[in-house]
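Reader: I am new to reading protein models. Can we go through one together, step by step?

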Amino acid sequence: MALALVENLGFSYSGGVPVLDGVTLEIADGEHIALFGPSGCGKSTLLRALAGLVPHFHGGSFSGRVVVGGIDTREARPAELAGVVASVFQDPEDQIVMSKVVNEVAFGLENTGADPGEIWARVDQALALVGAEQLADRSTGELSGGELQRVSLASALALRPRLLLLDEPTSQLDPEAAEAFFDLVEHLPCAVLVSEQRPARPLAHCARVLFMDGGRIVLDRPREEALEWLAAHRPLYLPHAPDLVAHCSGVRFSYGDRLVLDGASLEVRRGEIVALVGPNGAGKTTLAQIAAGLLEPQAGEATRQPAAYLVQDPGRHLVTERVIDEVALGADPDRARIALAQLGLAEYAERHPRDLSAGERERLALAAVLAMRPDFLVLDEPTRGVDPERKAELARLLRAEAPVRGTLVVTHDLPWAAEVADRIVELDVLERVRA
């Protein structure tokens, strides 16, 4: 008997179009599965259905059947599934309820009636599993996003679930921590279903692959067969498939007598987001402008595919009388309206750009470059002066669009860089000045 059974599942949020459309799926004990698909295809909703959050927590129209561990989710509340299913979502701060780490990890055990004599041993074991023993006595309000992600995973593992659901679980981890995370998950004895926008790591650690599109599962095959299908139908999801969209080698550049770059090299491939970090004066913006073709190197070479560059403080460079016209400067009106909707600006299409707030003008400039659909996108300090909610929205948008282009982000915002980037490249300030 399958651990989890999904039969002809349909779901739409209240008043909306169907998000899931006839999904059928079986998950066996101990099976590790990667779930891919474009943004909005229904991945997160499927995970919520397996956790019982759909339809009980997220209201809407539900049809079909979901049975997990012999429990029909239509008849049982999510709390009744807690001993069978555990979830880790992409925004760990939304899952944290206690002020101290050990209490947070113990919270689920206490609420599922675990033996009081076992609770603290299981808390210690779960924290050790995720390499977070040192966080045990810390306040949850003081933790970074990556640390919160580890604590959320420890809380889930402490329950010893038969099915672990992971929704963008490494969204706030740096590349090294993300790799360690998937190394850990691969050796868990429970079944695991992980939804990720960054396919390389899940593909390396799973035995089975699902691909969703338009609310339906269009691929369900063992890993090796799935790789062949992806190569034929969704090549951008293959870790080895992305082509080089920007290449700088041995780049040298100076402003007058001030040498800024000397032998700098950089590569960006389609499907990845690269964060370029370093102290002021290290030459980050200069290298980014060379990579985008706005500056020519004085030595070395730089090549790129069609590129778009978003400058610092882009709101100063708006030139038209209407928001929609600003975005349509480099794209047709249909693509312009799609880009405005992506950035939450559709209702302002007929407004004058100068009537928007500073943050809205920043998003308008980003919509303008996204509408151009460049192969190579360069963003210079895109989170400067941006509130945390908009930062999170920008990270989600860049990750959702990552497969179609290569993205280079120049930033001093290291926590945000760790959240959004596949790779972080650090530039150092040159210690010498040309005489």
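Author: Start with a term: helices here are DSSP runs of H or I, at least four residues long, numbered from the N terminus. Keep in mind that this is a predicted model.

Reader: Which helix holds Pro55?

Author: Take the peptide bond before Pro55 into account too. The bond from Val54 to Pro55 is cis, with omega near 15°. Most peptide bonds are trans. As for its place, Pro55 lies in residues 53–56, which form helix 2.

Reader: How many helices and strands does the protein have?

Author: Pro55 sits in just one of these elements, helix 2. Over the protein, the secondary structure comes to 14 helices and 18 strands.

Reader: Why is the protein said to be as compact as a globular protein of its length?

Author: The chain has 435 residues, and the globule rule gives 22 Å for that number. The C-alpha trace spans about 75 × 45 × 45 Å along its principal axes. The protein is as compact as a globular protein of that length because its radius of gyration is close to the rule, at 23 Å.

Reader: What share of the residues is buried?

Author: To count as buried, a residue needs under 20% relative accessible area. Of the 435 residues, the share that passes is 52%.

Reader: Which helix gives the most to the largest nonpolar core?

Author: Nonpolar side chains tend to be buried together in soluble globular proteins. The largest nonpolar core here has 49 residues. Val105, Val123, Leu127, Leu153, Leu164, Leu166 and Leu230 touch the most other members. With seven residues, the helix that gives the most is helix 5 (residues 145–158).

Reader: How many residues are in the second core?

Author: This core is separate from the largest one. Val323, Ile324, Leu340 and Trp416 are included in it. Its count is 37 residues.

Reader: Is Thr286 buried or exposed?

Author: Thr286 is in helix 9 (residues 284–292). Beyond four places in sequence, Thr286 touches Phe253, Tyr255, Val260, Leu261 and Leu295. Its relative accessible area is 7%. Buried means under 20%, so Thr286 is buried.

Reader: Where is Asn8, and is it buried or exposed?

Author: Asn8 is found in strand 1 (residues 4–13). Its phi is positive, about 45°, although Asn8 is not a glycine. Most residues other than glycine have a negative phi. The relative accessible area of Asn8 is 53%, so this residue of strand 1 is exposed.

Reader: Glu168 also has a positive phi. Is Glu168 buried or exposed?

Author: The phi of Glu168 is about 50°, and Glu168 is not a glycine. Glu168 lies in the loop between strand 7 (163–167) and helix 6 (175–186). At 8% relative accessibility, Glu168 counts as buried.

Reader: How far apart are the C-alpha atoms of Gly113 and Gly83?

Author: Gly113 is in the loop between helix 3 (101–111) and helix 4 (116–129). At 60% relative accessibility, Gly113 counts as exposed. Along the chain, Gly113 and Gly83 are 30 residues apart. In space, their C-alpha atoms are separated by 9.5 Å.

Reader: How far apart are the centres of the positive and negative side chains?

Author: The protein has 42 positive and 64 negative side chains. Each set has a centre, and the two centres lie 4 Å apart.

Notes
Residues numbered from 1 in each chain as written. Predicted model: local features only at pLDDT ≥ 70, side-chain atom pairs only at ≥ 80, totals over all residues. Heavy atoms only, no water. Helix = DSSP H or I, 4+ residues; strand = E, 2+ residues; numbered from the N terminus. Rg over C-alpha atoms; globule rule 2.2 N^0.38 Å. Buried < 20%, exposed > 50% of the residue type's maximum accessible area, 1.4 Å probe, protein only. Lys, Arg positive; Asp, Glu negative; His and termini not counted. Charge placed at Lys NZ, Arg CZ, Asp CG, Glu CD. Contact = heavy atoms within 4.5 Å. Core = buried A, V, L, I, M, F, W, Y, C linked by side-chain atoms within 4.5 Å.
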